[in-house]
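Got the viewer open? Let's walk through this one stop by stop, from the whole fold down to a spot in the interior.

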Amino acid sequence: MSGYYKTLQTQRFDDYRYYHQSRINQTLHLISAVIFLVCYALLFKDPAMAGLVGWLAMLTRQTGHFFFEPNGYDHVNDVTNDYKEAVKVGYNQTRKIVLLTVWGLVPVALFLFPTLFGLFAEPASRMDFVRHVGLLWLAVGIGGGLFRMIQLFATQDVATGLIWGFKVLSDPLHNIALYWKSPLALLRGELIDPTIKDASHWGAAADESESEEAAHLT
């Protein structure tokens, strides 16, 4: 079990140091994490609304990644952006663009085919249409996660896929614990997190020399 925990910590640390250096991005992730918890609460009570809320959370965090996170040479970790994208086992920017494109096409598809070939009843109101969009967005989100896990089963191993899946599901709670001070730092004018290089509080993930040689499971 300690090996799985160490792998999880390494995934989280690499995700933090490579992709969450911007205090604005961290703050958006904090907001997104709270919204995701609302999504989790709605999941079994109102799946359509959970899908809508979940993608609001997703757009909030991806705004931080695409617009505020440094994308050039990473001087903090002394690696190129191409390197980070190549070693990222989770959703790198290319994969995210594909996923977001599918997400954006969902309402277009429902506008052109309101019943989606019999999957839904004919919407009687705009709210029916919106709820159908929410259900499909939920399916896209769950499907995207499962698809990547299966890919990891095939290209890495089952443990890698399962640990990554657990990391993604538990990210909201971890993001709140990690970034709750980021808005205050941002108000002080701190745009980049200066503690990135300090790995002492990451426990098992502090052994950076090993994780540099292995795939960075983020």
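Start with the cartoon view of the protein chain: you'll find nine helices and zero strands, so to speak an α-α-α-α-α-α-α-α-α run from the N terminus on. Keep in mind that this is a predicted model.

Next, switch to a surface. The protein chain exposes about 11,600 Å², with carbon and sulfur atoms supplying 69% of it. Colour by burial and 44% of the 218 residues come up as buried. If you draw contacts between residues at least 6 apart in sequence, 75% of them join residues at least 24 apart.

Now select residues 27-44, 97-117 and 129-147, which the unreviewed UniProt entry annotates as "transmembrane region". Zoom in on 27-44: this span is 89% helix and 0% strand, and its end C-alpha atoms sit 28 Å apart. Then jump to 129-147, where the span is 100% helix and the end C-alpha atoms are 26 Å apart.

Last stop: the interior. How many cavities of 30 Å³ or more are there? Just one cavity makes that cut-off, with a volume of about 80 Å³. To find it, select Y19, H65, N71, E85 and Q93, the residues nearest its centre among the 14 that line it.

Which helices should you show around the cavity, each with at least two lining residues? Pick α1 (2-19), α4 (81-87) and α5 (93-112); α4 gives the most, with three residues. Finally, colour the lining by residue type: four are nonpolar, five polar and five charged.

Definitions and conventions:
Residues numbered from 1 in each chain as written. Predicted model: local features only at pLDDT ≥ 70, side-chain atom pairs only at ≥ 80, totals over all residues. Heavy atoms only, no water. Helix = DSSP H or I, 4+ residues; strand = E, 2+ residues; numbered from the N terminus. Buried < 20%, exposed > 50% of the residue type's maximum accessible area, 1.4 Å probe, protein only. Contact = heavy atoms within 4.5 Å. Areas by Shrake-Rupley, 256 points an atom, 1.4 Å probe, with all protein chains shown as cover. UniProt positions renumbered as here; feature names shortened; annotations may be inferred. 1 Å grid on protein atoms, 1.4 Å probe; cavity = no way out; pocket = protein on both sides within 12 Å on 5 of 7 lines; lining within 4 Å. Points joined across faces, edges and corners; volume = space filled by probe spheres on them. Nonpolar A, V, L, I, M, F, W, Y, C, P; charged D, E, K, R; others polar.
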